[in-house]
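Let's take a friendly walk through a set of protein chains. Keep the structure open beside you and find each part as you read.

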Amino acid sequence: MDILLETRNLNKRFGGIKAVSKMDLILRQGEILGLIGPNGAGKTTFFNLISGFLRPDSGSIYFQGEEITRMKAHEICRKGIARTFQLVKPFGKMTVLKNIQVSALSKSQSLKQAESIALETLDFLNLLQFKEKIAGEMPVGYLKLLEVAKALATQPKLLLLDEPIAGLNPSEVTRFVEVVRKIQNRGVTIFLVEHVMRFIMPICDRLVVMHYGEKIAEGPPAQISKDPTVIQAYLGVSYA
Amino acid sequence: MPKFEILLQAIVNGILIGSIYGLIAIGLTIIFGVMRVINMIHGDLIMLGMYLAYWFVVLIGGGELPPLLVALPVFFFIGCLIFRTLVSPVAKAGGEMGTLLITAGLSLAVTNFVQLIWKADYRSTPAQLVSTSYSFAGLSVSSALLFAFFTSAILVIAVSIFLMFTETGRAIRATAQDQEAAMFMGVNIEKMMLIAFGIGVALAGTAGVLLTPIFYVYPYVGFVYIVKAFVVVVLGGMGSIVGAALGGILLGVTEQLGTLFISAGYKDAFGLIIFVLVLLFRPSGLFGRSRL
Amino acid sequence: MELMEKRNFNLIYSLIGLAILIAIPIFEPSKYVMHILILVLLNVVLGQSWNLLGGFGGQISFGHAAMYGIGAYTSTLLYLKVGLSPWIGMVLGGLLASLYATILGYITFRLRGPYFALSTLASAEVIRLVAQNWDTFTGGDDGLSIHFEIASRVVEYYIILGVVVGTILVMYAISVSRMGYYLSAMREDEDASRAIGIDVTKLKVLTLAISAFFAGIGGSFFASYQLYFNPHVVMTVHTSMQMIFVSIVGGMGTIVGPVIGALLLVPIAEIFRVISPAANLLIYGLVIVVVMRFMPEGIIGLRKKFLRK
């Protein structure tokens with residue numbers, strides 16, 4: 001499998017705090033990689049670095065072999081990395097369809113083409129019946145799906161999901177698992193941040209664990225769940 | 001190169017007048033820090049404070065102190081009123097843009113209302129408030145400026161003590177830092193914002209009273225001061241009281257020196273240019289987004 | 001705020017309205033009536049200008065007076081010093097205003113919402129101070145005057161009418177284009193816009209430049225029509241606030257909104273002019289407050305709410 005995304009020695013600090021420290025990461029095409037770690041470990045910062053919303057202090061990021069370290073967020077999107085936001089950012093006053101249509105626009109030749117991509121995306125996610133609803137009036141569960149739909153409409157090769165299931169009830173979570181699998185089947189590589197183990201474990205091919213900005217463990221879920229360093233990080237108690 | 005005394009005089013005047021700028025800016029920065037509202041009417045509240053002092057002295061008599069004491073509660077009340085009726089509902093509905101526009105509209109209305117009823121004439125200082133000059137060390141310092149300096153200092157210290165050591169003050173700071181967290185801790189956010197807005201406006205009105213003996217009073221004078229206040233707030237860092245205080249003094253000194261070295265006509269431009277420069281290169285201000 | 005829909009642009013009504021406007025001079029209305037019409041049309045242009053940036057794009061500007069003023073000074077100075085026709089000067093005035101706005105945009109692109117608004121204000125104030133102090137060039141506080149009437153009132157009327165048509169066509173074209181969609185997205189959420197590939201910086205600057213162009217043209221026209229102006233008339237924050245009034249009252253983010261706003265602004269100005277110019281501004285301020293408090297979507301928004309019931 002090809003390497004899709006690679007970070008080398010990525011660093012970012014805020015004031016005195018090292019939010020991301022010496023992060024080396026490799027993401028392979030087609031896999032679903034999960035990023036976990038206790039609160040404040042630097043996961044969202046890492047996402048922001050990869051997606052161009054933050055500039056790293058040092059280190060580099062490569063996407064499909066091309067260096068994207070200093071690229072701006074919109075350029076990175078056009079290269080093929082799409083992201084969702086932890087606190088959803090719908091275009092509230094626009095309809096669901098328009099939300100996705102405008103998202104598809106940057107990779108489309110025309111408004112018409114964008115609209116058909118949007119309709120296709122809505123269909124893929126079983127959201128067609130909501131296409132004329134005003135985004136701002138949709139319930140949270142659907143807004144999370146809308147986030148994903150907008151990101152998918154940009155036809156990414158890599159999808160970054162930032163805590164996609166926070167605030168969803170169990171049946172919504174189950175539906176989300178299916179959505180993620182469907183996306184993987186379409187050939188999109190997925191990199192997600194989450195806390196809920198029940199969601200992460202069955203979905204992810206591999207896990208990376210962050211703590212205090214650093215990578216402390218990496219491997220298949222089964223292995224990670226037994227890793228003493230990881231357990232210690234979460235519980236703060238040594239089980240060794 | 002002007003003589004040393006002239007230079008020193010400029011610096012001293014700058015510091016004294018800067019203290020008032022700081023007072024104004026602190027009010028603005030508290031309002032911004034606690035509820036992310038840019039209060040476009042702040043300058044006109046200063047203007048109203050000036051008129052309050054003016055009419056008080058002209059109609060009732062006495063010195064600067066009575067209007068000062070009246071201004072504090074009156075403007076606090078006005079602030080609460082504005083917050084309750086206009087700012088709070090719009091903030092909930094329209095966010096930052098809405099409050100920006102509604103306070104701008106209110107400012108437009110108030111300035112012109114004042115012009116209608118009290119005319120646009122520049123009013124000079126009433127006799128009772130004309131200041132005397134003290135001189136020492138070759139400098140002459142106006143009593144009004146000194147009074148303003150000490151009053152500002154006292155008010156700033158009082159507000160700081162309030163914010164740091166009282167329960168309400170701490171609750172206000174918590175609201176400024178993290179609204180959600182504060183809510184979870186049981187803080188009544190709405191009430192804290194109300195009080196903060198009231199304090200901010202009270203400081204503006206009081207600054208107006210302090211300015212009456214020093215500058216002409218006219219309906220549009222507020223605009224001049226609100227622009228300066230924004231410069232100071234951005235310079236010192238949005239939400240930082242220390243920043244606002246020091247920034248005020250810095251602006252005051254810069255203006256005086258600028259008038260001395262360059263020209264008086266462009267005096268107001270210095271602040272504006274600093275403003276844009278700071279926004280460009282150090283948007284978090286000298287003291288960053290420090291909390292209250 | 002549904003400007004993006006290829007709505008039935010009430011094409012029929014617009015064409016009828018346009019036909020009426022074109023025909024009016026045939027009936028030889030009084031100079032005063034023509035004056036009022038010209039003012040309304042001018043304010044439609046100014047409202048559309050501010051509305052593009054503020055209503056469509058969500059970027060509030062308190063400094064549009066600078067662009068208006070730059071337009072006025074440019075065409076007037078070119079006419080007085082070099083004898084260039086004010087109508088060509090009008091286009092140049094627009095372009096120079098655009099240039100100013102482009103520079104401003106590149107300087108302030110990083111600023112969000114209120115900070116951007118404040119810097120437009122600060123910048124406009126600097127421009128005004130320059131106009132006031134650079135007496136030798138700009139005439140300082142006294143301003144500039146043109147001593148012969150440039151054209152008959154009827155000709156001026158048709159010119160501004162042409163500008164209005166051009167402005168509205170441009171605004172409509174933008175609203176149904178890719179740019180229009182991007183503007184709506186930017187208005188709603190800048191970060192989300194970046195995340196879907198929109199170059200928000202470039203968009204802001206471009207929108208500023210186009211908006212400024214029309215404000216500048218408006219300023220040039222005003223100067224060539226009134227034949228006199230000074231910094232206090234064309235470059236103060238009050239001028240900016242009037243443009244905001246026109247955009248907000250009718251309905252921010254719609255194309256017909258500024259038309260309604262202009263139709264309200266001018267009569268108010270005329271009625272209250274007998275009391276004092278301050279009375280106009282007082283009314284505008286109060287209306288802005290009331291609109292923002294009770295009907296932020298303007299008159300159009302009210303109509304929509306009405307229709308939904």
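## A sheet in chain A

In chain A, A:Met210 stands opposite A:Lys215, a residue of strand S10(A). Keep in mind as you look that this is a predicted model. The pair belongs to a longer partnership: strand S9 (residues 206-211) of chain A and S10(A) run antiparallel and are joined by 5 bridges.

Now widen the view to the whole sheet. The strands of this open sheet number 6, and they follow the order S6-S7-S8-S3-S9-S10 in chain A, with mixed pairing. Which strands stand at the edges? They are strand S6 (81-83) and strand S10 (214-219) of chain A; each has a single partner strand, so one side of each is left without a neighbour in the sheet. From one strand to the next, the twist averages 20°.

Helices pack on this sheet too. Helix H1 (residues 43-50) of chain A touches strand S3 (32-36), S6, strand S7 (158-162), strand S8 (189-193) and S9 of chain A. The direction of H1(A) makes about 150° with that of S7(A). Helix H6 (residues 170-185) of chain A also packs on the sheet, where it touches S3, S7 and S8 of chain A. For H6(A), the angle of about 150° is made with the direction of S8(A).

## Around helix H1 of chain A

Is H1(A) mostly covered or mostly uncovered? It is mostly covered, with 7 of its 8 residues buried. Those buried residues are A:Lys43, A:Thr45, A:Phe46, A:Phe47, A:Asn48, A:Leu49 and A:Ile50. After H1(A) comes A:Gly52, which has a positive phi near 85°.

On the other side of H1(A) in the sequence, the loop between S3 and H1 of chain A holds A:Ala41. Why is A:Ala41 counted as buried? Because it has 23 C-beta neighbours inside 10 Å, and 20 or more are enough for a residue to be called buried. Leaving out residues up to four places away in sequence, A:Ala41 touches A:Met210, A:His211, A:Tyr212 and A:Gly213. You have already met A:Met210, the residue opposite A:Lys215. Another residue to find is A:Leu235: its C-alpha atom is separated by 14 Å from that of A:Ala41, and the two residues are 194 apart along the chain.

## A hairpin in chain B

Chain B offers a neat little motif to look for. Strand S1 (residues 133-136) and strand S2 (residues 139-142) of chain B run antiparallel and are joined by 4 bridges. Within this pairing, B:Tyr134 has B:Val141 as its bridge partner. The two strands form a hairpin with 2 residues between them, and B:Ala137 in the turn has a positive phi of about 50°.

## Chain C as a whole

Chain C has 15 helices and 2 strands. Its radius of gyration is 19 Å, close to the 19 Å that the globule rule gives for 309 residues, so chain C is as compact as a globular protein of that length. Along the principal axes, its C-alpha atoms fill a box of roughly 55 × 45 × 35 Å. Of the 309 residues in chain C, 56% are buried.

One helix to pick out is H13 (residues 257-272) of chain C, which has 16 residues. From its first C-alpha to its last it reaches 23 Å, close to the 22 Å expected at 1.5 Å a residue. Among the buried residues of H13(C) are C:Gly257, C:Ile260, C:Leu264 and C:Val266.

## Where the chains meet

Of the 2 pairs of chains that touch, B and C have the most contacts. Chains A and B do not touch, and their nearest C-alpha atoms are 11 Å apart. The table lists how many residues take part in each contact.

| Pair of chains | Residues from chain C | Residues from the other chain |
|---|---|---|
| B and C | 34 residues | 35 residues of chain B |
| A and C | 16 residues | 21 residues of chain A |

On the side of chain A that touches chain C, helix H2 (73-79) and helix H3 (96-105) of chain A each supply at least two residues. By class, this side of chain A has 8 nonpolar, 6 polar and 7 charged residues.

Key:
Residues are numbered from 1 along each chain as its sequence is written. Chains are lettered from A and ligands numbered from 1 in the order in which they are written. This is a predicted model: local features need pLDDT of at least 70, side-chain atom pairs count only at pLDDT 80 or more; totals for chains, interfaces and linings use all residues. Two strands pair if DSSP finds at least two bridges between them. The expected span of a helix is 1.5 Å times one less than its number of residues. A residue is buried if 20 or more other C-beta atoms lie within 10 Å of its own, exposed if 12 or fewer, and partly exposed in between; C-beta atoms are placed from the backbone. Two residues are in contact if their C-beta atoms, placed from the backbone, lie within 7 Å. Axes are lines fitted to C-alpha atoms, for helices over the stretch in contact, and angles run from 0 to 180 degrees between N-to-C directions. Ala, Val, Leu, Ile, Met, Phe, Trp, Tyr, Cys and Pro count as nonpolar, Asp, Glu, Lys and Arg as charged, and the others, Gly among them, as polar. The radius of gyration is taken over C-alpha atoms; the globule rule is 2.2 Å times the number of residues to the power 0.38.
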